[in-house]
Amino acid sequence: PGCGKPMPVASGVKAVANLFNMPRICHYFSAYYCDACHDNETSVIPARVVKKLDTKQYTVCKKAKQHINQHYRDPLLNVLLINSNIYKWSVSLNKVSILRRQLKYIGEYINTCRNKEILLKEMDGRHYMFESVNIYALRDLVETINGALEPIMYSILEKFIVHITKNCQTCRGKGFICEFCNDGGSLLFSWMKLD
């Protein structure tokens, strides 16, 4: 376990080092820790992910590693508030935000469907994606930057669209008939682009 307290640094690392206990840097807290509190474990640093799109692993102390792991899947990061340029800097994040906008509209149908519980299992705990386009869990950002989230989102969207437009009479019943062509066979839904 260790004490969990950062080591003071007087005039550099050598000032606090002794023969048996070389201080180790925790990049999360930007502080030095003893080897009882720091096992040289690595993790992404949330601030670096959001501000610099950096998913590189850095050494962190035990307390930081536990904190990051505990909140890795929690939707805590409003990326637009933290970094207003993030969608400009990352093509993959911009693509995922477009998919999430579609998912938000599709969520209106899924949330009122009688098969909601079964359908939500496809989301793997990411139900918050129905509510906000800019709220991310650290896991989402890392997977987006590494190129893993976009194909997952396409797959989820495809399954939901097939459910709404073909498989579920309740969801299909919420579609709109075009007023010009009056064709009940091809319904319009809120997420569709109209050209």
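**Rings and a helix, term by term**

Trainee: Why does Phe 29 count as partly exposed?
Mentor: Phe 29 has 37% relative accessibility. Buried means under 20% relative accessible area and exposed means over 50%, with partly exposed in between (1.4 Å probe, protein chains only), so Phe 29 at 37% is partly exposed. Keep in mind that this is a predicted model, where local features need pLDDT of at least 70, side-chain atom pairs count only at pLDDT 80 or more, and totals for chains, interfaces and linings use all residues. Residues are numbered from 1 along each chain as its sequence is written, and side-chain values use heavy atoms, leaving out hydrogens and water.

Trainee: What makes two rings an aromatic pair?
Mentor: Rings of Phe, Tyr and Trp (its six-membered ring) pair if their centres lie within 6.5 Å; planes under 30 degrees apart count as stacked, over 60 as edge-to-face and the rest as tilted. That rule gives four aromatic pairs here. Take Phe 29 and Tyr 33: with 6.4 Å centre to centre they pair, and 50° between the planes makes them tilted. Tyr 33, at a relative accessible area of 2%, is buried.

Trainee: And why is the pair of Phe 130 and Phe 160 called stacked?
Mentor: The centres are 6.1 Å apart and the planes differ by 25°, so the stacked label follows from the under-30 rule. Phe 130 lies in the loop between α7 (116-120) and β6 (135-137) and Phe 160 in helix α9 (residues 149-167), so the pair ties together parts 30 residues apart in sequence. Helices (H or I, at least four residues) and strands (E, at least two) are DSSP runs, numbered from the N terminus.

Trainee: How do you know that Arg 48 lies over the face of Tyr 58?
Mentor: A charge sits over a ring if NZ of Lys or CZ of Arg is within 6 Å of the ring centre and within 35 degrees of the ring normal. Arg 48 is at 4.2 Å from the ring centre of Tyr 58. Likewise, the charged end of Arg 100 sits over Tyr 136, 4.3 Å from its centre.

Trainee: What makes the buried residues of α9 line one face?
Mentor: Among the buried ones are Met 153, Ile 156, Leu 157 and Phe 160. Seen down the axis, the buried residues of α9 fall within an arc of 165° (taken from the directions from the helix axis to the C-beta atoms), so they line one face. The face turned away carries exposed Glu 158, Lys 166 and Asn 167.
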